[in-house]
Amino acid sequence: MPKRSEEMLMDLWMSLLLVWITCIPCVSMTPIIGQSKSTQTGGSAVVASGLGEGQRLLSRAKRGWVWNQMFVLEEFSGPDPILVGRLHTDLDVGGKNIKYVLAGEGAGTIFAINELTGDIHAMKRLDREEKAEYTLTAQVVNADTDEPLEPPSEFIIKVQDINDNPPQFIEGPYRASVPEMSAVGTPVTRVTATDADDPVYGNSAKLVYSILEGQPYFSIDPNSATIKVALHGMDREMREEYLVVIQAKDMGGHMGGLSGTTTVTVTLTDINDNPPKFSKSLYEFIIPEDLPIGKMGGKVKANDRDIGENSKSTYSIVEGDEQGMFEIFTDTQTQEGILRLKKPLDYESKRAFTLKVEATNVRSEPSSGGPFKDSATVKVVVDDSDEPPIFSKPMYLLEVNENAPINTVIGSVTARDPDSSGSIVRYFIDRHTDLERQFNINVDDGKITLAKPLDRETDMWHNITVTATEVRNHSQISRAIVAIRVMDINDNAPEFATEYEAFLCENGKPGQVRNEVIQTVSAVDKDDPIQGHYFDYRLVPEMLNNPNFTIKNNQDNSISVLAKHDTFRRQKQEMYFLPIIVTDNGNPPMSSTNTLTIRVCGCSKDGIVQSCNVEAYVLPIGLSMGALIAILACIILLLVIVVLFVTLRRHKNEPLIIKDDEDVRENIIRYDDEGGGEEDTEAFDIATLQNPDGINGYLPRKDIKPDLQFMPRAGQHSGPNGVDVDEFINVRLHEADNDPTAPPYDSIQIYGYEGRGSIAGSLSSLETASSDSDQNYDYLREWGPRFRRLGELYSVGESDRET
C-alpha cells in the first residue's frame with residue numbers, strides 16, 4: 001500500500017476507540033416467542049406456559065456476559081497482529097481457573113484469542129471486497145477439564161471499509177452519436193462507473209464525473225454522468241467525429257480520492273442542411289438528329305455535401321421543352337441527371353434547344369423550410385445527319401381486280417429525302433416479300449404494276465415491302481408496307497356443294513315414293529359478290545320431260561329432287577343420272593352442269609334403306625362387303641405365307657450343283673504327316689487333272705436360271721495318253737471369267753491371324769519384311785517335342801544356305 005494510505009490508516013486507527021466489552025449484570029425484557037439468542041439466567045430456565053394469543057411473558061434475566069459488534073479495518077498491515085476486541089465474563093474473578101474458546105469463520109487462521117485474557121487479534125490482512133463480515137462463536141470453559149461453564153454465544157466481526165478501489169468504467173470505451181446542428185443541452189449519451197468500496201460507510205464510493213478532454217463541444221452532469229451538447233452549430237461537414245475523455249472520482253471529488261477514466265467517441269450524424277449545387281451553370285451538348293429515341297444525349301450533376309439519403313436529388317426540366325422532346329432521370333448509382341430523347345430530332349425543323357434543369361433534394365428536414373434545389377441551363381445543339389428517305393405514309397393500301405392484265409398500274413408510293421441537300425430517291429421491292437415476283441415497281445416514280453395474273457380465290461391479300469434508297473448513299477434505306485387487295489370478279493361457275501348420291505326404295509307402297517323429296521341439293525360459288533349469291537337451278541333440256549324425276553326450288557339457294565312415280569325396280573334399272581344446270585347472278589352470269597346419281601335400293605317396311613345394287617344378292621347372311629373383303633384378304637395372306645415357307649424349306653435342302661460330289665471346292669484332304677515337299681504326290685489324286693474327258697459335260701446349276709445355254713464342248717488333249725494341264729486350266733479359267741450365269745463362288749480366304757495369347761507369335765512369312773536368313777529359329781526347340789522337328793528343319797535350311 002502506498003505511504004499516503006498507510007498514514008491515513010494510522011490516523012484513523014488512533015482516532016477510533018477500542019471497544020472493551022465489560023460484563024455487567026443487566027435486566028432484559030426478552031420475548032419468549034421467536035427468541036434466537038441463548039441467555040444464561042443463573043442456572044434456571046425461563047419457561048412460558050398457559051399464555052393466551054398475543055400475550056407476552058416478561059421476566060428478569062441475568063446474563064453472564066454481553067458485548068457489541070466488533071470492527072476491524074481492512075488492508076491494515078503492521079508489525080504486530082491488530083487487536084480487534086476483548087471478551088470478558090463475570091465468572092472471570094480472581095483465582096477462578098477459566099479460559100476463553102473461539103470458533104467459527106476464520107477462527108485460528110484469521111482470528112486468534114488469548115485464552116486467559118479474551119483478547120481477539122486479526123492475524124492476516126483483511127479485504128472487505130473479498131469478505132465483509134465474519135461470524136464467530138465464543139465460549140468460557142474450565143481450564144482444566146474443558147467443561148463448558150456457559151453456553152456458546154455468537155457474535156460478528158465486520159471489516160471496516162477504506163478507500164482502496166478506484167472507480168471503473170466496465171462498459172467503456174463508449175461510442176455515441178448526435179445529429180449535427182443540435183441545440184445546446186441535447187443529451188448525447190450516459191456513462192456509468194462502479195466503485196467496489198462500501199457505498200454506506202463514508203464517501204469511498206461516492207463518485208463525481210468530469211470532462212478531461214472534449215470541451216467546449218460537450219459537457220457532463222457531475223452526478224448523473226449524462227453527456228450533453230455544449231456548443232451551438234456543430235456542422236458534420238466541418239468535423240464529423242469527436243473524442244471525449246470522462247473522469248470519475250470517488251470521495252465526492254475531494255482531494256485524496258481515487259479516479260478512473262474512459263473515452264467516448266461522439267459522431268455527428270448527417271441532416272439535410274446543404275442544398276444540391278450544380279458544378280456548372282451552363283451545360284452544352286451536341287446531339288445528332290438520328291439519335292434513337294430513349295438514348296442518352298448528355299449528363300448533368302448536382303453535388304450535395306450531405307451523405308446518404310440526404311444527398312439524393314431528382315432532376316426535372318422546368319423550362320424550354322414545350323414540345324416534349326426530352327426527358328431527364330436520375331442515375332441511382334452516380335446521382336447524375338441523364339438527358340435522353342422522347343421524340344426524334346429534325347435538324348431541318350429545329351437546330352437548337354435551351355432547357356432549364358432543376359435538381360431537388362428527395363428528403364427534407366422539417367426545420368429546413370422546404371426542399372433544397374438548384375437549377376442550371378442546358379443548351380442542346382442538333383447536329384445534321386444523313387437521314388434515310390421518309391415515305392409519305394408508313395403503310396399503303398391498294399386494290400386491283402383479279403385477272404387484271406399484266407402491267408396494270410395498281411398504285412404508287414412516294415418518299416423524300418429529309419436532308420437539306422434533297423437527294424434523288426430510288427424505289428425497289430423487297431423480293432423476300434414477293435417470292436413469286438407478281439409485282440414490279442418503277443424505280444423513279446414508285447408506280448407499282450402487275451407482273452403476273454392474280455386470282456382472288458387463291459390469294460385475297462398480298463403484302464409486299466417497298467424500299468426507298470438515296471442515290472448518293474445507298475446505305476440509307478427506308479421501308480414501307482404495301483397491302484394489295486385482290487378484288488373479286490365473276491370468273492367461277494357455281495357447282496354442287498358436295499358429291500350428292502340419292503337413294504329411293506324399289507318396293508315402296510303406292511304413293512309412298514311419288515312426289516317424295518329424294519334429295520336436297522345446294523350449290524357453292526368460289527366468287528364473293530357484294531350483293532351475295534343467288535343460284536338458278538334447271539334440268540338440261542333433254543331431261544325436262546323425263547318420266548322419273550323433277551326438281552322444286554326451295555327459295556333458299558337449294559332445290560329438292562322429287563320422284564314422279566313409285567314403280568322403280570332394281571332388276572329393271574338400279575341407277576339413274578339426273579343432270580342439273582346451276583347458274584349464278586354474276587355479271588356475266590356463270591353456269592355449270594352437275595349430275596345427281598340416284599340409286600334404287602331395297603328398303604324395309606318403314607322405308608329405311610337396307611341394301612343397294614348387288615349387295616342384296618351377295619350378302620344374304622347380313623355381312624357387309626367390307627367385312628367379306630377383310631376376311632378374304634386374311635385368307636390370301638395366310639396362303640402366301642405357307643407357300644413361301646414351303647418354298648424356302650425345299651430350296652434350302654436342295655444342293656446348288658447337281659453333281660455335288662464332283663465339286664472340287666468341297667474336296668478337302670486331311671493328313672497328319674509332315675509330307676515330303678513337292679515330290680510327295682501320294683496325298684492327292686492328280687488323275688482328275690490328267691483326265692479332263694471325264695468332266696466334259698456341262699453341269700447345270702439349280703440356284704440360277706441361265707439366260708444363255710452353252711453347248712457341251714469336246715475335250716482338248718494332245719494325245720490319247722497325255723494332257724496339257726496348263727492349257728486345260730487356262731481354258732477353264734477363261735470360260736469361268738466369261739460365263740454371265742455363274743455367280744462368283746470361287747474366292748480366296750486369307751488366314752493371317754492365329755488368335756490371341758500365343759507366345760509363338762505369327763508363323764506366317766507374308767507379313768514380315770525380313771528374309772529367312774535374318775531370323776533365328778532356335779526358340780522353336782524350346783516349345784516342346786512337337787516343335788523340335790520343325791526347329792531342326794529350319795536350322796538345317798539356314799546351314800545349307802550358309803554353305
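The turns below ask about the fold and the ring contacts of a predicted model.

Residues are numbered from 1 along each chain as its sequence is written. In this predicted model local features need pLDDT of at least 70 and side-chain atom pairs count only at pLDDT 80 or more, totals for chains, interfaces and linings use all residues, and side-chain values use heavy atoms, with hydrogens and water left out.

Me: How many strands are there in the chain?
Reply: Helices (H or I, at least four residues) and strands (E, at least two) are taken as DSSP runs, numbered from the N terminus. On that basis the chain has six helices, and the number of strands is 40.

Me: What share of the residues of the chain counts as buried?
Reply: A residue is buried under 20% relative accessible area, exposed over 50% and partly exposed in between, with a 1.4 Å probe and protein chains only. The chain has 803 residues, and the buried share is 32%.

Me: In what order do the four strands of the open sheet stand?
Reply: Two strands pair if DSSP finds at least two bridges between them, and in this open sheet the pairing is mixed. Strand 1 (70-73) and strand 3 (98-104) each have a single partner strand, so they stand at the edges, with one side of each left without a neighbour in the sheet. The order is therefore 1-7-6-3.

Me: Which residue in strand 7 stands opposite L73?
Reply: Strands of a sheet pair through backbone hydrogen bonds, either parallel or antiparallel. Strand 1 pairs with strand 7 (residues 153-160) in the parallel sense, over four bridges. Opposite L73 stands Q160.

Me: Why is the pair of F326 and F353 counted as stacked, tilted or edge-to-face?
Reply: Rings of Phe, Tyr and Trp (its six-membered ring) pair if their centres lie within 6.5 Å, and planes under 30 degrees apart count as stacked, over 60 as edge-to-face and the rest as tilted. The centres of these two rings are 5.2 Å apart and their planes stand at 80 degrees, so the pair is edge-to-face.

Me: How many residues apart are F326 and F353?
Reply: F326 is buried, at a relative accessible area of 4%, and F353 is buried with a value of 4%. The pair links distant parts of the chain, with F326 in strand 19 (residues 326-330) and F353 in strand 21 (residues 352-361), and the separation is 27 residues.

Me: Over the ring of which residue does the charged end of R239 sit?
Reply: A charge sits over a ring if NZ of Lys or CZ of Arg is within 6 Å of the ring centre and within 35 degrees of the ring normal. The charged end of R239 is 5.5 Å from the centre of the ring of Y217.
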